[in-house]
Amino acid sequence: MIMALFWSTIFCYILGSVYEGFETINALSRSISCFYLLFIGIYYLYAVYKYEIHQNLAKSSAFWINAGLLFYFSSSFFTFLMSKKILSLEVTDFFSAGWLVHATANVMKNVVITIGFILKE
């Protein structure tokens, strides 16, 4: 898992420096990173289900933190993918709606992660 994280970081750095440049928003690198983190979160749920790590998921802080991150990255994936287009347009309804989805997902993620931090295993 550590090697996969290392290589994805190197890949996103190369993609950002060669393909997109450092002067612009790295929309493709953010989207790939978001997709990778979604995969890790789904793999965690698979491992919990397969190995029956927790008896009651509602009382597991790791589950709540993972749920918050999954919610955030799944709802922000398309915002990251379209961020170059959203930021290049003038302030319009599309711009407002795109970042409203991102801001709402961020707030919901923070609430769910806070629940995870409050719970004690």
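Helices here are DSSP runs (H or I, at least four residues), numbered from the N terminus. This is a predicted model, where local features need pLDDT of at least 70, side-chain atom pairs need 80 or more, and totals for chains, interfaces and linings use all residues. Residues are numbered from 1 along each chain, and side-chain values use heavy atoms, without hydrogens or water.

Q: What phi does glutamate 52 take just after helix 2?
A: Let's start where helix 2 stops: this helix covers residues 27-51. Glutamate 52 comes just after it, and its phi is positive, at about 50 degrees.

Q: Is tyrosine 36 buried or exposed?
A: Tyrosine 36 sits in helix 2, with a relative accessibility of 17%. Buried means under 20% and exposed over 50% (1.4 Å probe, protein chains only). Tyrosine 36 therefore counts as buried.

Q: How far apart in space are tyrosine 36 and phenylalanine 73, C-alpha to C-alpha?
A: Phenylalanine 73 is one of the helix 3 residues that meet helix 2, with heavy atoms within 4.5 Å. In sequence, tyrosine 36 and phenylalanine 73 are 37 residues apart. In space, their C-alpha atoms are separated by 9.6 Å.

Q: How are helix 2 and helix 3 oriented to each other?
A: Helix 3 spans residues 61-81, and its axis comes within 9 Å of that of helix 2. The axes, lines fitted to C-alpha atoms over the stretch in contact, cross at roughly 150 degrees. Angles over 145 degrees count as roughly antiparallel, so helix 2 and helix 3 are roughly antiparallel.

Technical notes: Helix = DSSP H or I, 4+ residues; strand = E, 2+ residues; numbered from the N terminus. Axes fitted to C-alpha atoms, helices over the stretch in contact; angles between N-to-C directions. Parallel < 35°, antiparallel > 145°, perpendicular 65-115°, else oblique.
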